[in-house]
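Let's take a walk through this structure together, starting from one residue and working outward. Keep the view open beside you as you read.

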Amino acid sequence: MCIRDRGYTELYIPKENLVGSDGQDKDLIQRLETIIIQWNRQIKEIVSNPDSQQENENSGPLDEIDYWRNRRENLKHIDEQLENPELKQIVKFLEKMGGNYAKGFGEEAANIKNKSEEAHDNLLLLESLYEPCQKLQAATPKEIPDMIPSLLMRVRMIW
């Protein structure tokens with residue numbers, strides 16, 4: 001399955017030969033600054049995304065776990081793209097040319113790392129609820145009371 005099929009964020013990285021460019025090509029600089037502005041927007045959108053998926057009344061703990069799993073994977077995917085040599089070359093080029101947007105991009109990239117760690121930590125804790133919640137979801141009403149103490153113990157551990 002292609003990464004794009006999973007709905008992960010893709011940063012467009014143009015194929016530009018920047019080796020030997022002296023910054024005289026104003027169109028090139030403008031194109032690259034437009035791209036870095038788009039990257040900033042994409043990253044800000046992901047970073048400022050709500051920390052919960054509780055918008056749906058019918059969502060439950062398994063939905064929350066899936067949300068954090070997808071968020072972690074999306075952030076990890078962006079982080080991997082930030083290590084792309086072509087992307088780094090564009091950022092360095094714009095920094096060298098005195099571009100205003102390259103500095104802000106570095107700050108946004110750091111936010112991705114922080115949010116990625118946060119998602120990883122949240123998922124680590126929430127995954128302890130996955131199996132009991134699956135059992136609870138499949139249980140008959142008569143079986144539920146026996147499952148509650150174990151589930152509550154795990155919730156207390158997370159809290």
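A good place to begin is Leu94. If we set aside its neighbours within four places in sequence, Leu94 is in contact with Ile29, Leu32, Glu33, Ile36, Gly99 and Ala102. Please keep in mind throughout that this is a predicted model.

Leu94 also takes us into the interior. The largest nonpolar core has 34 residues, and Leu94 is among those with the most contacts inside it, together with Trp39, Leu82, Leu87 and Phe105. Four helices each supply at least two residues of this core: α1 (26-47), α2 (61-82), α3 (85-96) and α4 (100-126). Of the contributors, α1 gives the most, with 9 residues.

With that in mind, let's follow α1 and look at two of its partners, beginning with α2. These two helices pack at an angle of about 155 degrees, and their axes lie 11 Å apart. Angles over 145 degrees count as roughly antiparallel, so α1 is roughly antiparallel to α2. The crossing in which α1 passes α2 is left-handed. On the α1 side, the contact is made by Ile43, Ile46 and Val47, while α2 brings Arg71, Asn74, Leu75, Ile78 and Leu82. Sorted by class, this contact of α1 with α2 holds 6 nonpolar residues, 1 polar and 1 charged. You may recognise Leu82 here, as it was also named among the residues with the most contacts inside the core.

Now turn to α4, the other partner on our route. The axes of α1 and α4 come within 9 Å and cross at roughly 25 degrees. Because angles under 35 degrees count as roughly parallel, α1 is roughly parallel to α4. Here too, α1 passes its partner α4 in a left-handed crossing. From α1, the residues that meet α4 are Glu33, Ile36, Ile37, Trp39, Asn40, Ile43, Lys44 and Val47. Facing them in α4 are Asn100, Tyr101, Ala102, Gly104, Phe105, Glu108, Asn111, Ile112 and Lys115. The residues of this contact of α1 with α4 divide into 9 nonpolar, 4 polar and 4 charged. Trp39 and Phe105, which we met in the core, appear on this list, one from α1 and the other from α4.

Let's finish with three individual positions, going along the chain. Gly7 sits in the segment before α1. Its relative accessibility is 58%, and since exposed means over 50%, Gly7 counts as exposed. Although Gly7 and Asn74 are 67 residues apart in sequence, their C-alpha atoms are 8.1 Å apart in space. Asn74 is one of the α2 residues in the contact with α1.

Next comes Asn84, in the loop between α2 and α3. Asn84 is partly exposed, with a relative accessible area of 23%. Asp66 is 18 residues away from Asn84 along the chain, and the C-alpha atoms of the two are separated by 27 Å.

Our last stop is Ile158, in helix α6 (residues 144-158). Ile158 counts as partly exposed, at 24% relative accessibility. Leaving aside its neighbours within four places in sequence, Ile158 is in contact with Leu125, Leu126, Ser128 and Leu129. A further link back along the chain is Asn122: the C-alpha atoms of Ile158 and Asn122 are separated by 9.4 Å, with their positions 36 residues apart in the chain numbering.

Technical notes:
Residues numbered from 1 in each chain as written. Predicted model: local features only at pLDDT ≥ 70, side-chain atom pairs only at ≥ 80, totals over all residues. Heavy atoms only, no water. Core = buried A, V, L, I, M, F, W, Y, C linked by side-chain atoms within 4.5 Å. Buried < 20%, exposed > 50% of the residue type's maximum accessible area, 1.4 Å probe, protein only. Contact = heavy atoms within 4.5 Å. Axes fitted to C-alpha atoms, helices over the stretch in contact; angles between N-to-C directions. Parallel < 35°, antiparallel > 145°, perpendicular 65-115°, else oblique. Left-handed = near helix turned anticlockwise from the far one by under 90°. Nonpolar A, V, L, I, M, F, W, Y, C, P; charged D, E, K, R; others polar.
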